[in-house]
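Q: Please take one part of this model and go through it slowly with me. I would like to look at the surroundings of the ligand.

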Amino acid sequence: MTVDEFRHWGYRLVDWIAEYLENVERYPVLSPVRPGEVRSRLPDSPPEAAEDFARIFADFQQHILPGITHWQSPNFFAFYPANNSYPSILGELLAAGLGVQGMLWQTSPACTELETHVLDWLVQLLGLPDKFSSRCQGGGVIQDTASSATLCAVLAARERASDGTTNANGIVQRFTAYASTEAHSSVEKALRIAGLGSAALRRIAVDDTFAMQPQALEAAILADRQAGRVPFFVCATLGTTSTQAHDPLRPIGEICRRYGLWLHVDAAMSGTAAICPEFRWIHDGLELADSYCFNPHKWMGVNFDCDCFFVADRKALIASLAVLPEYLRNAASESGEVIDYRDWQIPLGRRFRALKLWFVLRSFGAEGIRRMVRRHVTMAHQFADWIASDSRFELAAPVSLNLVCFRLRADDIANEQMLHCLNASGRLYLTHTRVRDRFTLRFCVGNLRTEPHHVQQAWQLIQRTAEQLLPSMPVPLQ
Ligand code: PLP
C-alpha cells in the first residue's frame with residue numbers, strides 16, 4: 001500500500017465507520033450466521049500475490065460484516081456492554097499509527113507518563129483512596145482486562161503471603177482464597193494460572209441481595225487456618241456479573257486486615273458509576289483494599305481493551321512480576337525515577353492504551369460521563385418499573401444500577417423460549433443467567449447510543465413475545 005492509497009482508504013474507512021455507527025441499529029444485533037459460515041467464505045490458502053485494498057474491503061463488507069454481532073447497537077442489552085466512542089476510536093487509530101510498544105519508560109516516555117497521569121486522574125474522578133495514586137505508595141496501570149488485573153493481584157498477594165519465596169522456590173504453602181458464590185469466573189481462572197488450583201477457592205455464601213456475607217467469610221478463613229492452610233486473598237465484587245450485586249467492602253476489608261489477607265476489589269462494570277457522587281456508596285470501605293480494578297471499556301466509552309488496575313503498594317506488585325534480563329537494562333530504569341510498566345503486568349510488551357482513555361476523559365469531561373451513567377441508570381429503573389407492574393413478569397434480583405434481571409412467571413423452558421425468540425428477531429440482544437437456580441433474563445442498559453425509545457421498544461417486544469408464547473396468561477390492563 002502506498003502512502004496515497006493509505007490516505008485514500010483512511011478517509012474512506014473513517015467515513016464508513018461514522019456511517020456504520022450512526023446507522024448501527026439497522027443491523028440484526030446478534031449475528032445470524034451459523035458456525036463455520038464465515039470461514040466457508042474465505043479461501044483455503046493465503047494470497048501469494050498482493051491484493052488490491054478495494055477488493056479486500058469489499059470482502060470485509062460481504063463476508064465479515066454479516067458475522068458481526070453489533071455491540072455498539074443501541075439495542076444491545078446483553079452481558080455487560082463494551083462501549084466505544086468517537087474520541088476513543090481516534091485514540092486507537094493514533095496509537096496504531098504511532099505503533100509504540102511501551103514496555104519500558106525509555107521505549108516511549110509519553111506512553112508511560114500519560115498512563116500514570118490519567119490513572120491518577122481516575123483516582124480523583126472515582127473518589128478512590130489516595131493510596132492508589134502514584135503520588136503515594138501505589139499507582140495505576142492499564143491492563144487488557146479485569147481477568148488480567150485479578151491475576152496480577154493474586155500473584156502479588158501470593159508473593160506477599162510467602163515473603164517472595166513462591167517466585168523463588170515454587171508453591172509450598174497450602175494457600176486458600178475467597179470470593180462469593182457470585183464472583184466472576186476470572187477469580188478461579190487466576191488461581192489456576194497462579195498454580196494454586198480451583199480447589200484453593202472458597203466460595204462464600206451471599207445474602208438476599210446476592211452480596212457476600214462477611215460472617216461466612218470469616219468462618220471460612222478461621223476454618224482454613226485451623227486446618228493449617230494459609231488464607232491469603234479475598235476478591236470482593238462491586239457489580240457481580242449475574243445480578244450486579246455489591247459486596248460490602250468495609251466488613252470484608254476489616255476481616256482481611258484482621259487476618260492479613262490481600263483484598264482485591266473487582267468493579268469491572270460498576271466502577272464507572274462512582275464518578276457520580278450519588279453512586280459512590282459502592283466504594284464505601286475501599287480504603288481497606290489492597291487493589292482495585294474497573295473497565296473503562298465496559299461503561300466509559302473507551303474501546304475494548306482497557307482495564308484500569310490500581311494497587312495500594314506498587315512495590316508488592318513489582319516484586320511479584322519483575323524479572324530483569326540484561327537486554328532490558330537502561331539508565332532510566334536504573335535511576336529509579338521512572339515507571340517501567342512491564343513490571344506491572346503479565347506480558348512484556350504493551351500498547352499505548354492511555355491515549356484513547358485520555359481522549360475520552362477530555363472529550364466527554366467528567367460531566368459528560370456522569371450524564372451518560374445517570375441516563376443509563378434512569379432507563380434501567382424505568383424498565384424495572386415496567387417489569388414490576390406487569391403481573392406476567394417478575395424481577396429476579398434487586399436493581400442497583402443499570403442491570404435488570406427478570407423472568408416470566410413461568411417455567412425455565414418458557415423463559416428460554418422467550419430469550420430465543422427475542423434474539424432471533426434481530427431487534428435486540430439479551431443474555432441470561434441463573435438466579436436461585438432459575439433461568440433468568442438480563443437486561444443491561446449501558447450503550448452510548450441507547451435512548452429511552454429503544455428501551456420502550458424493547459419492552460413492547462418483550463410483552464408481545466410473552467403474549468405469543470403464553471396466550472393463556474392474562475394481559476394486565478394498562
Ligand atoms: N469481573 C466482572 C464482575 C465481570 O462482570 C467481568 C465480565 O463481565 C469480568 C470480571 C471479566 O472481564 P474481562 O473481560 O475484562 O476480563
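A: Here is a walk around the ligand, residue by residue.

A word on the model itself: it is predicted, so local features need pLDDT of at least 70 and side-chain atom pairs count only at pLDDT 80 or more, while totals for chains, interfaces and linings use all residues. Residues are numbered from 1 along each chain as its sequence is written, and side-chain values use heavy atoms, with hydrogens and water left out.

Now to the ligand, which has 14 residues around it (each with a heavy atom within 4 Å). Ala146, Ser147, Thr241, Asp266 and Asn295 are the closest of these. Sorted by class, this shell holds nine polar, three nonpolar and two charged residues; Gly is counted as polar here, and Tyr and Cys as nonpolar.

Next, look at the polar contacts, which are pairs of N or O atoms within 3.5 Å. The side chain of Ser147 has an N or O atom 2.5 Å from an oxygen atom of the ligand. For Asn295, an N or O atom of the side chain is 2.9 Å from a ligand oxygen. Lys298 joins in as well, with a polar side-chain atom 3.3 Å from an oxygen atom of the ligand.

How much of the ligand does the protein cover? On its own, the ligand has 400 Å² of accessible area (Shrake-Rupley method, 1.4 Å probe), and the protein covers 87% of that. Finally, α6 and α11 (296-299) are the elements that each give two or more residues to the shell; helices are DSSP runs of H or I with at least four residues.

Methods
Polar contact = N/O pair within 3.5 Å; in protein donor to acceptor, adjacent residues only side chain to side chain.
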